[in-house]
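Here is a brief report on one buried loop position and a set of charged pairs. Start with the sequence and the model.

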Amino acid sequence: MQTRSWTSAAIALGLCLGVGWSAPVFSLTPSQRQQLKSLGIPVVIPKAIPTGFQVKKVSVKPCPAQSSRNSRGVCRFGPDYEILYRNSQGACFTMVAVGGGIGGVDQTYGYEVAVPLFRERVMLWFGDLNTNTPYRTPTEQQRQQSQSNLRSDWLGKGPFYGVSYVQREPQCRRGISPKQAEQVLRSLQFLR
């Protein structure tokens with residue numbers, strides 16, 4: 001099982017209730033694609049996102065000046081990226097990558113999801129922070145409902161990748177359902 005871990009920068013995975021799915025690769029502009037590729041690390045994006053979601057912002061942070069990089073192009077605090085996806089109803093989620101500085105806590109509900117790109121199973125979490133009691137397995141109904149504080153554990157060995165809900169963006173008022181988050185995680189691919 002993947003270690004449960006998160007940074008303060010990537011807080012929770014949230015996805016909205018939507019019916020269909022679309023291909024987000026085409027929603028990245030050539031400039032955004034170049035920004036992401038300029039980091040010198042493999043860039044992971046979802047191949048499918050809920051219908052109605054679009055890339056609203058791409059943020060990149062290269063390794064600090066004079067930082068040494070390991071063989072995978074990662075330094076202690078970078079390079080990092082965040083791709084914000086949002087729909088017209090104010091539902092948001094992000095695809096994030098961080099070089100390091102990760103840690104984490106459990107939440108009330110959690111269950112494993114297979115992520116084919118990484119050949120790993122990762123925990124998908126939601127609910128209140130929960131450090132004192134074991135997490136509970138959600139009901140099928142809970143998996144279908146939009147959830148606050150929804151997030152995946154980190155994937156990879158550095159950079160670390162995850163999907164998270166963006167609470168700090170004023171235009172983001174809710175997240176997506178765990179079922180939608182499962183589909184996003186299962187569709188992850190490398191940006192070519």
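This is a predicted model. Ala91 sits in the loop between strand E5 (80–86) and strand E6 (92–98). Its relative accessibility is 0%, so Ala91 counts as buried. Gly175 is 84 residues away from Ala91 in sequence, yet the two C-alpha atoms are 5.1 Å apart in space.

Now the charged pairs. Side chains of opposite charge can pair when their charged atoms come close. The whole structure holds 6 salt bridges. Three of them are among those listed here.

| Salt bridge | N to O distance |
|---|---|
| Lys57 – Glu169 | 2.8 Å |
| Lys61 – Asp80 | 3.7 Å |
| Glu140 – Lys179 | 3.4 Å |

Take the salt bridge between Lys57 and Glu169. Lys57 lies in strand E4 (residues 54–61), and Glu169 lies in the loop between strand E10 (160–164) and helix H3 (178–186), so the pair ties together parts 112 residues apart in sequence. Lys57 is partly exposed at 34% relative accessibility. Glu169 is buried at 12%.

Next, Lys61 and Asp80 meet in a salt bridge. Lys61 is in strand E4 and Asp80 in strand E5, so this pair ties together parts 19 residues apart in sequence. Lys61 is partly exposed, with a relative accessible area of 43%. Asp80 is buried, with 17%.

Glu140 and Lys179 also form a salt bridge. Glu140 belongs to helix H2 (residues 140–144) and Lys179 to helix H3, so the pair ties together parts 39 residues apart in sequence. Glu140 is partly exposed at 43% relative accessibility. Lys179 is partly exposed at 27%.

Key
Residues numbered from 1 in each chain as written. Predicted model: local features only at pLDDT ≥ 70, side-chain atom pairs only at ≥ 80, totals over all residues. Heavy atoms only, no water. Helix = DSSP H or I, 4+ residues; strand = E, 2+ residues; numbered from the N terminus. Buried < 20%, exposed > 50% of the residue type's maximum accessible area, 1.4 Å probe, protein only. Salt bridge = Lys/Arg side-chain N within 4 Å of Asp/Glu carboxyl O.
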